[in-house]
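This briefing is for a reader who has not met the structure before. Please look over the sequence and the model first.

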Amino acid sequence: MPVQLLKIVKGQSEIPLPSHLQKENLQHLQEGCDPTNKYIQGIVTLSYPLTKLRDGTDLFKIVLQDSDDLSSQINSINVLIYGKMAEDCAKIICNGKTFIVAGFKVIKLPTAREDGRHDCHLEVSEEAGSAIYVKTEMVQIILPCSSGNMTPLCSVAPKYVYTPLNHLKDGTIVNLYGIVKFFKPPYISKGTDYCSVVTLVDPSNVKLTCSLFNGNLDSLPKIYKVGDIVRFHRIKIREYNGQMQGITSGGFASLTFDGTVGAPIVPRTSSRVYTFMDEEQKTIEELRIWAASNISISGPAAKLSGVQPMLFFDLTCQLVGKAKVDGSSFLLKVWDGTKCPYPTWKVPVEAKDLEGDKVLLHQLRDLAVDILVYDNHVQLAESLKIGSFLRIYSIHTKQASADNEDVSHIEFHLHGGTCYGRGIGVLPESNPDVKELK
């Protein structure tokens, strides 16, 4: 059988690999090498849907990472599986499984790669005499399904290696833990992707700034405040102006944890399948303790009852109304249960243009404030749902008075750009700050 499941008992396979096979290192793999009596082993970090070629042949593509050599510049390779083997593999392979292949062909790619993968790929098929072995020693992650029952999902690999920030090397793809020292909430980049910028530190006292891109907003790390702890898998490291930087690569994934000492260790992720081992809880707890003594976690947060003119602050609030003002600005009506001590500016908009519960807006007329957001924040503001809980970062309060008014009032502005972390984040109802707000 060309595709075999290897059951692992106490670290050993019940059915050992053929004795003539020797493991080949990805670093030594090149076009023209003799793959006879060689096998490649790694962890599946990315798998693509089963497709058909024009001639009707099935094709299944995976990305294989060498788990024994994460620090090398080339530590992953594309594997193309054809025919009946493709169909069989698509049924049993998912991210995290250990994959072994023998009898492969090494094909040189026509162009150089910059994503950390090998400049060759492997082609595998039953006709070529290939053999595939998939290890079944896995740790099962159980998550609630929509019915509320606990459903076992795809099993994932139990062991990852994490690189301290002071051991990063240019051109490598690594897994790492870090504490958020600064971040910019996701915003639309110059292209079509969302971008988030995060600066991380760890007990090695080295900083790493990461620029993360994804076309899906939910696929970016769910960071709510300085002091949050993130775990990044498969982030690419590049050196720029003498400093290491992180950028997203194929298969990038993240988990985010509250950095508060004693808080529940519950990962925030958009993926239903992920690995989180018992020993990693200790890592989170150790990073929390270190951060409590080494990072200023309390940000410039304020209640509406405590705002002053010429202040920049972060506000946790609920959205009760919104309206388009013009092409470069958008109105958000919010409240946080407290009352601003100053008269507040009311942005003039037509009642028919204001979205929100009219009865509630009337009830909150003395508590809700108008925040005018500009430029790159408009698109995200338009997509916000009435009733959602927000954290708006770096709001600017200005004191002004209209020409026909004797009394000055407070205006709230979220200026364009992302300097000082300006932006808007949506908080889940499970967030501790939202519970406090309620």
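The points below cover the overall make-up, one strand and its partners, one histidine, and some salt bridges.

The model is predicted. Its chain has 438 residues, of which 47% count as buried. Five helices and 25 strands make up its secondary structure elements.

**Overall make-up**

- About 21900 Å² of the chain is exposed, and carbon and sulfur atoms supply 51% of that area.
- Taking contacts between residues at least 6 apart in sequence, 64% join residues that are at least 24 apart.

**Strand β7 and its partners**

- Strand β7 spans residues 58-65 and is mostly covered, with seven of its eight residues buried.
- Strand β5 (residues 38-47) runs antiparallel to β7, and four bridges join the two.
- Within the pairing of β5 and β7, I43 stands opposite Q65.
- Strand β6 (residues 51-52) is also antiparallel to β7, joined to β7 by two bridges.
- T51 has L59 of β7 as its bridge partner.
- The hairpin of β6 and β7 has five residues between the strands, and there G56 takes a positive phi near 90°.
- Strand β8 (residues 76-82) pairs with β7 over seven bridges, again in the antiparallel sense.
- Q65 stands opposite S76 in β8, and Q65 in β7 also stands opposite I43.

**Residue H413**

- H413 is found in strand β24, which covers residues 409-414.
- H413 counts as buried because its relative accessible area is 4%, under the 20% cut-off.
- The side chain of H413 makes a polar contact of 2.8 Å with the side chain of Y374.
- A second polar contact, of 2.9 Å, joins the side chains of H413 and E411.
- Leaving aside residues up to four places away in sequence, H413 touches W345, L372, Y374, S394, I395, H396 and K398.
- Y374 therefore appears both among the residues that H413 touches and as a polar partner of the H413 side chain, with H413 itself buried at 4%.

**Salt bridges**

- The structure holds twelve salt bridges, and three of them are described here, including the pair K52 and D58.
- Side chains of opposite charge can pair when their charged atoms come close.
- K52 and D58 meet through their side chains in a salt bridge, at 2.8 Å from N to O.
- The two ends of this pair sit in contrasting surroundings: K52 is exposed, with a relative accessible area of 57%, whereas D58 is buried at 12%.
- D119 forms a salt bridge with K108, and their closest N and O atoms are 2.8 Å apart.
- D119 lies in the loop between β10 (105-108) and β11 (120-124), while K108 is in strand β10, so the pair ties together parts that are eleven residues apart in sequence.
- Both ends of that pair are partly exposed: D119 has 30% relative accessibility, and K108 has 39%.
- R231 forms a salt bridge with E280, with 3.0 Å between the closest N and O atoms.
- R231 lies in strand β18 (residues 229-240) and E280 in helix α2 (residues 278-294), so this pair ties together parts that are 49 residues apart in sequence.
- R231 is buried, with a relative accessible area of 3%, and E280 is buried as well, at 6%.

Note on methods. Residues numbered from 1 in each chain as written. Predicted model: local features only at pLDDT ≥ 70, side-chain atom pairs only at ≥ 80, totals over all residues. Heavy atoms only, no water. Buried < 20%, exposed > 50% of the residue type's maximum accessible area, 1.4 Å probe, protein only. Contact = heavy atoms within 4.5 Å. Areas by Shrake-Rupley, 256 points an atom, 1.4 Å probe, with all protein chains shown as cover. Pairing = 2+ DSSP bridges. Polar contact = N/O pair within 3.5 Å; in protein donor to acceptor, adjacent residues only side chain to side chain. Salt bridge = Lys/Arg side-chain N within 4 Å of Asp/Glu carboxyl O.
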